[in-house]
Amino acid sequence: RRPQHMSRIVLVSNRVVDLRKAAQAGGVAVALADIARTRNALWFGWSGEIKASDAGDVVERDGRVATVSLSESDYDGYYLGYANSVLWPVFHNRLDLAQFEAGYFQRYVGVNRRLAQLLQPLLRPDDIIWVHDYHLIPLATELRRLGVENAIGFYLHIPFPPWQTFMAIPEHRELAHALAAYDLIGLQTCRFCAHLVGAICAM
């Protein structure tokens, strides 16, 4: 009897590492590299390289890994700016560290839109997409706009804050709508789940 077909898992994370060197990386990368090596999978995301802006539309493919670069301005606005100077401190309940600078959110959404546009041609109809972490909250919305109908899950590897803290983010409504575009959301604890439900209900 032929073995039952297993859908491919498409892992999407901010940072993608060389599968041969993944053990030297930390945290999320180690876990995702193990899945990419042992399952029918594609791992897509940022290579860690910063290049000229016109190089950002090139997808580098190496077996089960597909990566793109970021421009200097995208790195500053999307990664250092919104992801790590707004979302990371707020989600860790540290409003005192958050930098709500103008322009960060537009760059954050813009990078997610470009990643979605580059990922979409690589997808198969039966792929199951798993998006990882706070850098990529808008990705499902952007994929849906491109007509992607695959199941899309999201896992947050950091805390989700109390709803009162979450609502301090000027774009909290946009972020809540973006999270609602996922078919399934994974969080670390029941308390974080309650925080997310509270944030959605408070909209």
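Let's start with the second largest cavity: its lining is nine nonpolar residues, with no polar and no charged ones. Keep in mind that this is a predicted model. Which residues line that cavity? They are Phe91, Ile137, Phe154, Leu156, Phe160, Leu179, Ile185, Leu187 and Leu196. The volume is about 30 Å³.

How many cavities of 30 Å³ or more does the structure hold? Two. The largest cavity has about 40 Å³ of space. By class, its lining has seven nonpolar residues, three polar and no charged. Strand S1, residues 9-15, gives the most, with three residues. Strand S2 (41-50) and helix H3 (104-119) each supply at least two. The full lining is Val12, Ser13, Asn14, Gly45, Trp46, Leu70, Tyr78, Val111, Leu115 and Leu136.

Why roll a probe at all? A probe the size of a water molecule, rolled over the atoms, shows where empty space is left.

Now the strands. S5 covers residues 128-132, and S6 covers residues 151-155. They run parallel, joined by five bridges. One of the pairings puts His132 with Tyr155 in S6. Between the two strands, the chain passes through helix H4, residues 139-145. That β-α-β crossover is right-handed.

Next along is S7, residues 184-186. S6 and S7 also run parallel, with three bridges between them. Here Tyr155 stands opposite Gly186. So look at Tyr155 on your screens: His132 is its bridge partner, and Gly186 in S7 sits opposite.

Back to the second cavity for a moment. Phe154 and Ile185 are among its lining residues. Residue 154 falls within S6, and residue 185 within S7.

Notes. Residues numbered from 1 in each chain as written. Predicted model: local features only at pLDDT ≥ 70, side-chain atom pairs only at ≥ 80, totals over all residues. Heavy atoms only, no water. Pairing = 2+ DSSP bridges. Helix = DSSP H or I, 4+ residues; strand = E, 2+ residues; numbered from the N terminus. Right-handed = clockwise from strand over helix to strand, strands pointing away. 1 Å grid on protein atoms, 1.4 Å probe; cavity = no way out; pocket = protein on both sides within 12 Å on 5 of 7 lines; lining within 4 Å. Points joined across faces, edges and corners; volume = space filled by probe spheres on them. Nonpolar A, V, L, I, M, F, W, Y, C, P; charged D, E, K, R; others polar.
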